[in-house]
Amino acid sequence: MAFAPAGPEASFFDALERHRAALLAAEKRGAGESPAGAARARPASRFEDSVGLQLIPQCTTRKIKSDSPKSVKKFALILKILSMIYKLVQSNTYATKRDIFYTNSQLFGNQASVDNIIDDISCMLKVPRRSLHVLSTSKGLIAGNLRYVEEDGTRVQCTCSATATAVPSNIQGIRNLITDAKFLLIVEKDATFQRLLDDNFCSRMSPCIMVTGKGIPDLNTRLLVKKLWDTFHIPVFTLVDADPHGIEILCVYKYGSMSMSFEAHSLTVPTIRWLGLLPSDIQRLNIPKDSLIPLTKHDQRKLDSILKRPYITYQPLWRKELEMMADSKMKAEIQALTFLSADYLSRVYLPNKLRFGGWI
């Protein structure tokens with residue numbers, strides 16, 4: 001599902017008009033039945049190697065009816081938020097999901113209700129969420145060789161110092177991106193990201209760019225990684241824990257998630273490579289067993305789920321690593337490398353991997 005609107009405003013208003021016309025046509029066919037808005041599709045996606053997980057065009061949807069006691073409140077909340085979005089787009093202003101919640105916190109009840117409705121509207125109208133002029137608060141960080149200008153004209157120069165730059169809230173608005181970076185490294189955890197900065201890894205491997213989503217990446221961090229790759233086409237590597245949770249995060253960056261499959265084209269970077277920590281690295285480096293952690297039942301279920309996903313068919317080396325983890329019934333955090341030396345990760349492991357091609 002690709003979006004190529006003349007601009008975010010045109011995309012939103014055109015989509016809204018198409019949906020309004022479809023609802024009116026459906027009402028006429030139903031001979032006076034109450035209006036129903038089709039909300040987000042139930043999770044159903046197909047996999048395409050060059051894009052990732054995509055929403056199936058004819059997937060099952062759920063209907064929110066105005067005369068149903070079970071859904072009348074949801075219907076009203078959708079209309080309420082849709083009217084707020086309309087005003088934002090019309091006036092070319094932006095708001096965060098948190099801003100929308102606090103316009104009437106008693107009505108919305110909780111932040112999750114607002115978040116879900118905004119995603120429903122985005123999926124219902126088949127437009128990227130940024131076209132709704134609703135921004136997410138960023139939690140990610142970026143460091144390294146990168147300069148850009150934000151929408152308001154603010155010039156940002158990222159550095160390799162210990163103080164990283166916050167990922168912008170409006171990725172669509174940044175422009176004039178400049179870098180000499182030879183690669184982009186995505187780091188799963190903030191603690192590892194900060195340790196690499198403290199060890200001057202970014203400076204020693206310069207020019208490069210480092211990004212962290214501090215765990216499961218937020219929308220803005222994923223949009224930024226996608227924008228950097230689209231703009232510069234430099235190699236993108238990921239550094240995650242050798243556990244099912246870390247591999248899940250790698251998969252989100254590379255292939256997307258079921259919940260956001262309707263925006264796959266603007267979020268995924270299928271060329272991403274898994275740099276580490278690989279389960280085979282644990283054996284190769286003779287990491288002692290007391291530095292490893294047994295897989296929990298939840299870990300095993302997550303691992304089984306990943307092994308069954310369609311994109312694993314295209315990644316035989318990934319499958320081999322995952323099966324190695326499943327057979328050992330053990331996982332390892334990146335910090336397990338400190339057994340070898342305190343700065344082994346930044347001084348030996350990553351430089352050698354990047355120099356000699358130790359990724360899959």
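**Salt bridges, strands and rings in a predicted model**

Biologist: Happy to look at this with you! How many salt bridges does a search of the whole structure find?

Modeller: This is a predicted model, so what we discuss is computed from its atoms. In general, side chains of opposite charge can pair when their charged atoms come close. A search through the whole structure for such salt bridges gives a total of 12.

Biologist: Let's take the one between Asp-120 and Lys-74. How many residues apart in sequence are the parts that the pair ties together?

Modeller: The two side chains meet with an N to O distance of 3.3 Å. Asp-120 belongs to helix α5 (residues 111-125) and Lys-74 to helix α2 (residues 72-91), so the salt bridge ties together parts whose separation in sequence is 46 residues.

Biologist: Is Asp-120 buried or exposed?

Modeller: The cut-off for buried is a relative accessible area under 20%. Lys-74, the partner, has 26% and is partly exposed. Asp-120 has just 1%, which makes Asp-120 buried.

Biologist: Which residue meets Asp-241 in a salt bridge, and where does that partner lie?

Modeller: The partner is Lys-189, at 3.0 Å from N to O. The pair links distant parts of the chain, 52 residues apart, with Asp-241 in the loop between β14 (236-239) and α9 (244-255). Lys-189 lies in the loop between β12 (184-187) and α6 (190-198).

Biologist: What is the relative accessible area of Lys-189?

Modeller: Asp-241 counts as buried at 3%. Lys-189 is buried too, as buried means under 20%, and the value for Lys-189 is 19%.

Biologist: And which residue pairs with Asp-199 in a salt bridge?

Modeller: Asp-199 is buried, at 17% relative accessible area. The partner is partly exposed, at 35%. The N to O distance is 3.1 Å, and the partner is Arg-195.

Biologist: Which residues do salt bridges that share partners join into one network?

Modeller: Here the salt bridges have partners in common, which gives one network. The members are Glu-248, Lys-302 and Arg-309.

Biologist: On to the strands! Which are the edge strands of the open sheet of 6 strands?

Modeller: The sheet has mixed pairing, and the order is β10-β7-β13-β12-β14-β15. An edge strand pairs on one side only. That description fits β10 (165-166) and β15 (273-276).

Biologist: Which residue stands opposite Ile-142 in β13?

Modeller: Strands β7 (residues 141-144) and β13 (residues 209-212) run antiparallel and are joined by 4 bridges. Across from Ile-142, the residue in β13 is Val-211.

Biologist: At about what angle does helix α8 run to β13?

Modeller: Helix α8 covers residues 219-232. The helix lies across β7, β12, β13 and β14. Relative to β13, the angle is about 155°.

Biologist: Which residue in the turn of the β8 and β9 hairpin has a positive phi?

Modeller: β8 (residues 146-149) and β9 (residues 155-158) run antiparallel, with 4 bridges between them, and Leu-146 stands opposite Cys-158. The hairpin has 5 residues between its strands. The phi in question is about 95°, and the residue is Gly-153.

Biologist: How many bridges join β8 to strand β11?

Modeller: β11 spans residues 175-178 and runs antiparallel to β8. Within this pairing, Val-149 stands opposite Arg-175. The number of bridges is 2.

Biologist: Which residue does the UniProt annotation "active site" cover?

Modeller: The annotation comes from an unreviewed entry. The residue lies in helix α3 (residues 97-103) and counts as exposed, at 53% relative accessibility. The record names Tyr-102.

Biologist: Why is the pair of Phe-101 and Tyr-102 described as edge-to-face?

Modeller: The structure holds 6 aromatic pairs. In this one the ring centres are 5.0 Å apart. Planes over 60 degrees apart count as edge-to-face, so the pair qualifies with its planes at 65°.

Biologist: Last one! Which residues form one aromatic cluster?

Modeller: Tyr-255 and Trp-318 make an edge-to-face pair, 6.1 Å from centre to centre and with 65° between the planes. The pair links distant parts of the chain, with Tyr-255 in helix α9 and Trp-318 in helix α13 (residues 316-328). Tyr-255 is buried at 0%, and Trp-318 is buried at 1%. The cluster consists of Tyr-255, Trp-274, Tyr-311 and Trp-318.

How values were computed. Residues numbered from 1 in each chain as written. Predicted model: local features only at pLDDT ≥ 70, side-chain atom pairs only at ≥ 80, totals over all residues. Heavy atoms only, no water. Salt bridge = Lys/Arg side-chain N within 4 Å of Asp/Glu carboxyl O. Buried < 20%, exposed > 50% of the residue type's maximum accessible area, 1.4 Å probe, protein only. Pairing = 2+ DSSP bridges. Contact = heavy atoms within 4.5 Å. Axes fitted to C-alpha atoms, helices over the stretch in contact; angles between N-to-C directions. UniProt positions renumbered as here; feature names shortened; annotations may be inferred. Phe/Tyr/Trp six-rings, centres within 6.5 Å; stacked < 30°, edge-to-face > 60°.
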